[in-house]
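Thanks, everyone, for making the time this morning. I would like to walk you through one model, beginning with a single packing contact and working outwards from there.

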Amino acid sequence: MHERRKTLALAAAGASAMMVLTACSGGGSGPAEGDREITWVINSLPAAWASISGAGGSVYTVQMLSGVVPHTGVFQPDGSYEYDLDILAEEPVVINDDLDEGPFQYSFTLAEDAVWSDGTPMTGEDLRVTAMMYASPDEGYCTTCDSRGTTNADMIDTMEVDGKTITITLEEGLSDPEWMSLFDSTSAGGGFYPSHLAEENGWDVDDPDQLGEFFTWLHEARTEWSGGPWMIVEGDLENQVVKEPNPEWWGDPVQLDRIIMPFNTDEGTFVNAFNNGEFDGANPAQFSTDVVTQLEGAPNATVTIGEGNIWEHIDFNTENEWLQDVELRRAIFTAIDRDDIASRTYGEAYPEYELKNNHMFGSDSEYYVDHITPSGQGSGDTDAALEILEEAGYELDGDTLMLDGEQVGPFRLRTTDTVIRNNSVQLIQAHLAEIGVETTIEMTDNLGEMLGGQDYDIVEFGWSGFPYFTSNPEQFWHSESGSNFGGLSNEEIDELAEATGSAPNRDEAAEYANQAMEILVEEAYVLPLLADPQYFFVNDRVTNIEDNLNTSLRATYNIGEWALAE
Amino acid sequence: MLVYTVRRVLGAIPVLLLASVLTFVLIDLSGDPLADLRVMQPPPDPEVIQLQSERLYLDRSMPERYWLWMTGVGGNGDIGLLQGKFGPSTQSATYDIGANIAERLGVTLRLVGAAMVFALGLAILTGVVSAMRQYSKLDYTLTFVGFLALAMPTFWFAGIVQQAGVSFNELVGTQFFATVGDGTYQAQGLSPWGRFTNALAYMTLPTIVLMLTSFASWSRYQRTSMLEVLNSDYVRLARAKGLPNRVVVRRHALRTALIPLTTVVAVGMAAIIDGTVLTERVFQWRGLGEFFIQAVTANDSFALMAWLMLSGTTVILANLIADLLYGVLDPRIRYE
């Protein structure tokens with residue numbers, strides 16, 4: 001008995017000593033003492049080391065490469081656009097936007113002291129090679145480059161390089177109101193790439209096959225080069241990357257020693273890990289009411305919620321015999337109570353939600369015009385809806401809407417099976433029942449097939465939109481667009497959509513877009529609900545940091561300025 | 001013993017073949033690997049879908065695909081289990097399933113190994129103690145703890161353990177327990193002692209979670225088995241001969257009582273592998289469990305098949321090892 005007690009006592013003492021010693025040593029989590037270090041979570045795995053390709057081009061790759069891939073400009077949190085004058089010598093210029101005078105032409109000039117992390121100067125050649133990789137293979141620059149954003153690059157006719165300057169001429173008759181996006185943070189690669197590394201690796205960038213090899217190498221080899229304030233010093237695509245200051249950075253020096261970006265795929269772990277000091281913050285792509293609520297209760301957290309870039313809307317299939325009647329469509333949209341939907345889906349965690357009253361522009365945009373409120377659509381005004389119906393010859397038979405003795409509908413109300421959308425369509429069903437319109441809810445797990453096959457009468461889904469907008473009206477509402485799923489055909493809208501895409505500048509393009517939306521509301525074709533909210537949280541010890549919902553970079557858009565509170 | 005081992009290994013081949021057929025058919029019928037591509041907005045060019053379909057061999061019939069998957073004959077050089085190639089991935093054209101499995105195997109083995117060692121050690125200890133003190137307060141307590149552990153869902157328990165780790169850190173004012181990651185990067189440049197404490201910090205919580213369910217069931221088996229042996233004639237004889245209790249338990253009872261546990265542990269390998277899926281997810285370890293979740297999320301059928309075949313092979317191997325261990329534990333068992 002005595003011996004057993006001694007053994008137990010020894011074991012207990014050993015365990016206690018181990019706990020104390022390991023506790024004193026600080027374990028493995030937490031920064032090394034004295035280091036100014038931030039751990040910023042990216043909430044999924046980046047698929048590649050460059051974001052140009054379709055497979056690599058996720059927001060996670062873009063955020064991982066923040067402060068590494070140089071870019072010429074970025075939209076600010078307030079919606080304004082700022083050129084990066086560390087990278088550029090001056091704001092880029094449009095040389096010609098009058099197509100009667102000649103082809104559309106513009107140029108970028110890089111800063112004199114702009115260099116890559118190996119000391120090689122940045123030149124117009126870097127921009128030229130990047131544009132070649134952004135273009136689709138049909139353009140003939142690159143055989144195997146599968147760029148995820150080819151629109152701007154495919155318009156290019158010629159590129160002339162003169163040292164730090166590149167002059168770009170578009171093909172005859174084409175104009176590009178969003179030309180400045182070619183090398184900015186929204187471009188396919190989130191900026192531009194070091195062409196001299198192709199030569200160093202033995203590839204000739206003017207050979208389409210060899211440029212393809214360089215393209216693949218950029219995506220597969222760990223990014224050890226940098227053209228920004230930070231460079232990746234270690235890491236992989238499965239766990240995390242570690243960034244340290246780029247010694248060749250010529251701009252304002254960074255105020256941290258290190259930034260660690262772990263990839264964390266489970267939002268359920270955020271709260272514990274954040275409270276445990278294992279990371280300082282994140283800007284997740286998905287909204288989670290539970291996580292937000294818990295983080296808002298954390299004593300050292302700043303949490304902000306704002307409108308994301310996915311906006312929900314309700315569309316009609318205009319090829320349904322009943323829904324061809326614009327008066328019925330107007331009445332249905334009028335009966336839908338958007339505020340009810342928004343407050344019941346997001347209201348608890350995000351009571352400041354804002355209904356979307358313009359299909360393209362957020363209320364903070366200089367181009368914003370409220371098209372929806374004056375129309376009464378989305379107001380849930382049942383009386384007004386019934387009045388529209390009565391004037392159009394419809395009548396209520398008990399709880400059923402009738403026209404010429406025949407029941408109107410019932411309509412198939414469809415969406416994808418998420419909690420938010422599920423709740424949303426149930427509310428819409430209840431709203432429409434108020435005006436005698438019967439709907440049957442059907443969920444789908446194949447949105448593309450359902451939309452493409454017009455397999456719905458009324459549908460709720462989301463579009464993704466960024467501050468760049470000029471190609472959207474043509475894609476969404478042009479009668480010949482494959483993405484105009486509901487089949488609306490309106491010549492005026494077609495003309496305005498085309499004019500938006502070919503306007504000489506954004507201001508003019510926005511005017512055309514707003515005119516198109518005005519007609520769209522009259523047609524009662526698409527009813528915007530609200531932009532899905534997104535959240536951001538950060539430990540209060542970090543300063544000079546804020547979310548930026550106008551770019552895929554999110555909070556990392558100013559990663560060079562992040563600092564620790566004194 | 002060598003002949004027996006070879007015979008068992010050869011006997012495992014038809015089992016694996018049957019497993020491969022079942023795995024292939026079930027995964028193949030379970031969904032369209034290109035489903036995500038087809039629902040993209042705006043819809044991709046039909047040519048892109050066609051190219052992806054050809055790359056993933058979806059343009060071939062099911063029997064043809066199975067043949068390709070097994071042999072690689074007629075493929076593009078990226079497929080053929082018998083050649084050690086697991087097939088193309090939907091995740092990207094450059095995603096190497098085999099290399100990913102190899103890389104993650106070490107991570108998972110570290111977790112599974114630690115969990116198995118601790119679960120076994122604790123199960124044997126508590127099982128023996130419970131049996132020797134049957135119907136005592138200690139026995140009731142251990143029984144209660146065992147059933148409680150059995151009843152707890154892994155994901156829920158993992159959250160509780162994480163929270164406990166955070167609370168401990170807050171209490172002692174350190175960051176000893178880490179709740180996410182496996183700590184590989186944090187270990188770089190540390191002294192041997194630093195690496196040890198770093199490993200302890202990252203491994204403790206997930207190991208506790210993973211060992212829990214196995215420990216609970218194994219300890220119950222060990223208790224029952226030990227009780228049966230303690231009440232057997234030869235143990236009564238050993239006691240009657242005046243052997244000290246310690247010698248009776250260690251030398252005569254425990255060895256025999258371990259035989260049923262060996263079988264249970266071999267069968268339980270499947271449960272441990274299942275447990276890694278949730279544990280690795282919650283603690284963000286990039287092991288085979290996380291590989292499985294990624295494969296499911298990406299509709300990556302070849303990656304899923306690779307994972308299932310690996311799990312099946314592991315279970316078959318564990319059973320083989322268990323069979324061989326019987327001879328070590330019980331000298332009466334001879335292999336012919």
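Let me start in chain B, where Gly146(B), Ala149(B) and Leu150(B) of helix H6 meet a set of residues in helix H8, namely Leu212(B), Thr213(B), Phe215(B), Ala216(B), Ser217(B), Ser219(B) and Arg220(B). By residue class, this contact of H6(B) with H8(B) divides into 5 nonpolar, 4 polar and 1 charged. I should say at once that this is a predicted model, so please hear everything that follows as a description of a prediction.

As for the geometry of that pair, the axes of H6(B) and H8(B), the latter covering residues 192-230, come within 8 Å and cross at roughly 135 degrees. An angle over 145 degrees would have counted as roughly antiparallel, and the value here therefore makes H6(B) oblique to H8(B). The crossing in which H6(B) passes H8(B) is left-handed.

H6(B), which runs over residues 137-151, also has a contact with helix H5(B), residues 97-132, and there the two axes come within 8 Å and cross at roughly 140 degrees. Are these two helices, then, oblique or antiparallel to each other? With the antiparallel class beginning only over 145 degrees, H5(B) and H6(B) are therefore oblique to each other. H5(B) passes H6(B) in a left-handed crossing. The residues that meet are Thr126(B), Val129(B) and Ser130(B) on the H5(B) side, and Leu138(B), Asp139(B), Leu142(B) and Thr143(B) on the H6(B) side, and together they divide into 3 nonpolar, 3 polar and 1 charged.

Let me step back to the chain that holds these helices. Chain B contains 12 helices and 2 strands, and, if you read along the sequence, four helices are followed by the two strands, after which the remaining elements are helices. Its C-alpha trace spans about 85 × 60 × 40 Å along the principal axes. Of the 336 residues in chain B, 36% are buried, and among contacts between residues at least 6 apart in sequence, 68% join residues at least 24 apart. The chain is divided into domain 1, residues 44-86, and domain 2, residues 97-286, and the C-alpha centres of these two domains lie 42 Å apart.

Next, the contact between the chains, to which chain B gives 38 residues and chain A gives 32. Which elements of chain B give two or more residues to the side that touches chain A? They are helix H2 (35-38), helix H7 (154-172), H8 and helix H10 (245-283), and H8(B), the helix we met at the outset, provides the largest share, with 6 residues. In composition, the side of chain B that touches chain A divides into 17 nonpolar, 18 polar and 3 charged residues.

Finally, a word on chain A, for which the domain assignment gives domain 1 in three segments (2-67 + 227-306 + 534-564), domain 2 (73-220) and domain 3 (308-532). The centres of domain 2 and domain 3 of chain A, taken over C-alpha atoms, are separated by 37 Å, and 10 residues of domain 2 of chain A are in contact with 14 residues of domain 3 of chain A. On the domain 2 side of that contact, the residues divide into 2 nonpolar, 5 polar and 3 charged.

That is where I will stop, and I am happy to go back to any of these contacts.

Definitions and conventions:
Residues are numbered from 1 along each chain as its sequence is written. Chains are lettered from A and ligands numbered from 1 in the order in which they are written. This is a predicted model: local features need pLDDT of at least 70, side-chain atom pairs count only at pLDDT 80 or more; totals for chains, interfaces and linings use all residues. Axes are lines fitted to C-alpha atoms, for helices over the stretch in contact, and angles run from 0 to 180 degrees between N-to-C directions. Angles under 35 degrees count as roughly parallel, over 145 as roughly antiparallel, 65 to 115 as roughly perpendicular and the rest as oblique. A crossing is left-handed if the near helix is turned anticlockwise from the far one by less than a right angle, and right-handed if clockwise. Two residues are in contact if their C-beta atoms, placed from the backbone, lie within 7 Å. Ala, Val, Leu, Ile, Met, Phe, Trp, Tyr, Cys and Pro count as nonpolar, Asp, Glu, Lys and Arg as charged, and the others, Gly among them, as polar. Domain bounds come from an automatic or database domain assignment. A residue is buried if 20 or more other C-beta atoms lie within 10 Å of its own, exposed if 12 or fewer, and partly exposed in between; C-beta atoms are placed from the backbone.
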